[in-house]
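Open your viewer and get ready to click along. We will go from stop to stop, selecting a few residues each time and looking at what surrounds them.

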Amino acid sequence: MDLRIIDYFLAVVEHGTVTAAAQACYITQPSLSRQIASLEKSFGFPLFDRSAEGMRLNRAGARFYPIARDIRSRVEQGLAVMDSLGAGELNLSVACPPTVLEHMLAPFIAGTGSIIGDVTEVAPGEVYQLLDRADVDIAFGTSEPPVKFSRRSLMTAMVAMQCRADSNPFAGRDTVDIAELQDHPVLSIRPGSAIRRSFDSAAAARKIRFSYRNEVSSTHVAQALAAAGRGIAIGVGPARYDLDRIPITSLGAPVTITDWMAWDPDHYAASEIGETADHLVEWLSPRMEYLGMEQLASEGA
């Protein structure tokens, strides 16, 4: 299949008419019409419903549309990779949750230069899907990566409660047992996040149930609500808004999450990615207290 046909198909979808798509692609309308007809003939069925108002995707076209976009995206990504290699430099792409970008990855890139050229923020449950599809070169996740990937555990972060100092029922404490939070208004990240899984798992092990005051998208949002006096925020990372921060334990054991870095072992820059993982762990070491880490982990493959 000629890649230009993909471009023509996408142009028709975007512009809605062959005439507008032809103008955008700098070819004649009859020529573009023939290309679309040729594509449909090769599939054996039409991709558009045609009317006086223009062309709209039918059911088959709607199935092909994300595939066509993926083909175009992969070609552009491949060309960018080859350009960077030709220039003697790496410019790798990353997927990670917003909290990982904010507290760890963005400061690391700013401070070191690194080989990372772009970051896509996604929900924690999606990072390894992007890596598996080769949409990104590296994935940072808060759950253990699939075994087929090379991986490095970067850090173990303590889940902590944060609340206003003037209403802190645990002021002066070094830790708070999870059972002690049961009678307080708790602001938690929504189900599915590593923080929520860890907190809920610790609570379930003690047969404790929480009625959350709010279920929010990130630690930062929970902190903002806590600063407004809406309750006790549950999350990871440093305190904001002059909140008191106290790590949470369960029967003396800290409630934690682990951040992972994963990549394809057959990646053309696998060696450089592994070196970057080592560099990141080294870079994190003096920042442990600020980030609220309990310890650095060293498992890798």
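Start by selecting Cys163: its relative accessible area is 3%, so it counts as buried (buried means under 20% relative accessible area, exposed over 50%, and partly exposed in between, using a 1.4 Å probe and protein chains only). Now add Cys96, which is buried too, with a value of 0%. The structure holds zero disulfides (a disulfide is a pair of cysteine sulfur atoms within 2.5 Å).

A word on what you are viewing: this is a predicted model, in which local features need pLDDT of at least 70 and side-chain atom pairs count only at pLDDT 80 or more, while totals for chains, interfaces and linings use all residues. Residues are numbered from 1 along each chain as its sequence is written, and side-chain values use heavy atoms, with hydrogens and water left out.

**Next stop: a loop residue**

Select Asn168, in the loop between strand S7 (160–163) and strand S8 (176–177). Helices (H or I, at least four residues) and strands (E, at least two) are DSSP runs, numbered from the N terminus. Asn168 is buried, at 10% relative accessibility. Leaving out residues up to four places away in sequence, Asn168 touches Met161, Cys163, Asp244 and Ile246 (contact means heavy atoms within 4.5 Å). Look as well for a polar atom of the Asn168 side chain that lies 2.8 Å from the backbone nitrogen of Phe170.

**An enclosed strand and its partner**

How many of the nine residues of strand S6 (residues 150–158) are buried? Nine of the nine are, so S6 is largely enclosed by the rest of the structure. Show S14 beside it: the two strands run antiparallel and are joined by eight bridges (strands pair if DSSP finds at least two bridges between them). One bridge to find links Arg152 with Met261 in S14.

Stay in S14 and select Thr258. Thr258 is partly exposed, with a relative accessible area of 22%. Beyond four places in sequence, Thr258 touches Gly141, Thr142, Ser143, Ser153, Met155 and Thr156.

**Across to another strand**

From Thr258, travel 24 Å, C-alpha to C-alpha, to reach Gly117, 141 residues apart in sequence. Gly117 sits in strand S4 (residues 116–121) and is partly exposed at 40% relative accessibility. Ser93 is 24 residues from Gly117 in sequence, yet their C-alpha atoms are 5.8 Å apart.

**Helix H7**

Select residues 194–205: this is helix H7, with twelve residues. From first C-alpha to last, H7 reaches 16 Å, close to the 16 Å expected (1.5 Å times one less than its number of residues). Which residues of H7 are buried? They are Ala194, Ile195, Arg196, Ser198, Phe199, Ala202 and Ala203. Just after the helix, Lys207 takes a positive phi of about 55°.

**Last stop: the cores**

Finish with the largest nonpolar core, which has 49 residues. A nonpolar core is a set of buried Ala, Val, Leu, Ile, Met, Phe, Trp, Tyr and Cys residues joined through side-chain atoms within 4.5 Å. Phe140, Met161, Leu181, Phe210, Ile234 and Ile248 touch the most other members. Helix H9 (residues 270–284) gives the largest share of this core, seven residues. Apart from it lies another core, of 18 residues, including Phe9, Ala11, Val12 and Val18.

Terms used:
Polar contact = N/O pair within 3.5 Å; in protein donor to acceptor, adjacent residues only side chain to side chain.
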